[in-house]
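Please keep the sequence and the model side by side while you read, and look up each residue as it is named. The paragraphs below go from single contacts to strands, helices and cores.

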Amino acid sequence: MPVTVLLVDDEPLVRAGLRAVLEAQPDIEVVGEAADGAAVIPLVRQLRPDVVAMDVRMPLLDGIEATRAVLRTVEEPPKILVVTTFENDEYVYEALRAGADGFLLKRARPAEIVHAVRLVAEGESLLFPASVRQLAARYGDDGGNRAARAAMERARLTDREAEVLRLMARGLSNAEIAERMIVGTETVKSHVSGVLAKLGARDRTQAVIAAYESGFVAPG
C-alpha cells in the first residue's frame, strides 16, 4: 500500500511542487490538498491520510494550532510533517512540541522531501536529529522545565529504556539501536514502546523533545 499524503499550504505553487515530487514515487500517493489549517480536520477524517505535510504559517489557522486540533480531535491521527521556510524557527519548535512528527524545509531537494515523508510514515527514526537538537538548545527550557523533569522522574525508565532514549535522541533508527546494543530489533521496539508509554509521548519525536526539556539529554 502506498503512503498517502495530504498537502496543506496557502501557496498553490508550493502544493503543486510537493505534489509533483511525491507523485513521481510509486509508493507515495497525494490524496488531497488544502489552503489553510482550518480545513485539515474534515479532510483528515474524510481521506484518512498517513501523513499530513503542513505549512507552519497560514493566515487563518497555522500549522501549530492545526496540529493540536488534529491530535486532540481525530481518532488514530496521521503523522504530521511541518513544512517551513526557515530551519531555526521558533514556530517549528512549537509545532514539534504540539505533536508534529518532524519538519521539512521548502527549499529541500526532491530526494530529501521523499525521504522525509517515508521516514515520518515509518516512525522508526528521528527526522533531522541535529536540527531538532539545535532547536531544543535555542528554544527549549534547557533542562529548566520543572514539569518535564517531574514527568521524566515519574516515568522511572529502566536502564535499557534510558539507553534507548539517548540513542533515539541521537537519531538512530531501531535497527541501528539494535546493532549498538547487540539485541534484536523486536527487543528495541519493545523498549521504544515502553519509553513512549511511560512518558505519555505520541512518538519518538515527542519523547526526544521531553528528554531535552527535562535535561535528561543535553541538547548542546
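A polar contact is a pair of N or O atoms within 3.5 Å, and within protein one of the two must be able to donate a hydrogen and the other to accept it. With that in mind, and remembering that this is a predicted model, begin at Glu 161, which has its place in helix α8, residues 159-169. The side chains of Glu 161 and Lys 198 are joined by a polar contact of 2.8 Å. Is Glu 161 buried or exposed? Its relative accessibility is 8%, and because buried means under 20%, Glu 161 counts as buried. If neighbours within four places in sequence are left aside, the residues in contact with Glu 161 are Arg 156, His 191, Gly 194, Val 195 and Lys 198.

A second charged pair to look up involves Asp 101, which lies in the loop between α4 and β5. At 6% relative accessibility, Asp 101 counts as buried, and its side chain makes a polar contact of 2.4 Å with the side chain of Arg 202. Leaving aside neighbours within four places in sequence, Asp 101 is also in contact with other residues, including Pro 78, Lys 79, Ile 80, Leu 96 and Val 120.

From here, turn to the strands. Strand β3, residues 51-55, and strand β4 run parallel and are joined by 5 bridges, with Val 52 standing opposite Ile 80 in β4. Together with helix α3, residues 63-73, these two strands make a right-handed β-α-β unit. Strand β4 also pairs with β5, again in the parallel sense, over 4 bridges, and here Val 83 stands opposite Leu 104 in β5. How much of β4 is covered? Strand β4, which spans residues 79-84, is mostly covered, since 5 of its 6 residues are buried.

Strand β5 appears again when you look at helix α6, residues 129-139, whose buried residues are Ser 131, Val 132, Leu 135 and Ala 136. Why do these residues lie on the same side of α6? They do so because they cover an arc of only 140° around the axis. What covers the buried residues of α6 includes α4 (90-98), β5 (102-105) and α11 (204-214).

The nonpolar cores can now be traced. The largest nonpolar core has 53 residues, and those with the most contacts inside it are Val 8, Met 54, Leu 165, Met 168, Ile 177, Leu 199 and Ala 207. When neighbours within four places in sequence are left aside, Ala 207 is in contact with Leu 165, Met 168, Val 195, Leu 196, Leu 199 and Ala 201. Apart from this largest core lies another core, of 22 residues, which has Leu 81, Ile 113, Val 114 and Val 120 among its members.

Val 114 is a useful residue on which to end, and its place is in helix α5, residues 110-122. With a relative accessibility of 5%, Val 114 counts as buried. Which residues does Val 114 touch, not counting those up to four places away in sequence? They are Val 21, Leu 22, Gln 25 and Ile 28. Finally, compare sequence with space for Val 114 and Arg 15, which are 99 residues apart in sequence and 14 Å apart in space, C-alpha to C-alpha.

Note on methods: Residues are numbered from 1 along each chain as its sequence is written. This is a predicted model: local features need pLDDT of at least 70, side-chain atom pairs count only at pLDDT 80 or more; totals for chains, interfaces and linings use all residues. Side-chain values use heavy atoms; hydrogens and water are left out. Buried means under 20% relative accessible area, exposed over 50%, partly exposed in between (1.4 Å probe, protein chains only). The arc is that of the directions from the helix axis to the C-beta atoms. Contact means heavy atoms within 4.5 Å. A nonpolar core is a set of buried Ala, Val, Leu, Ile, Met, Phe, Trp, Tyr and Cys residues joined through side-chain atoms within 4.5 Å. Two strands pair if DSSP finds at least two bridges between them. A crossover is right-handed if, with the strands pointing away from the viewer, the path from the first strand over the helix to the second runs clockwise.
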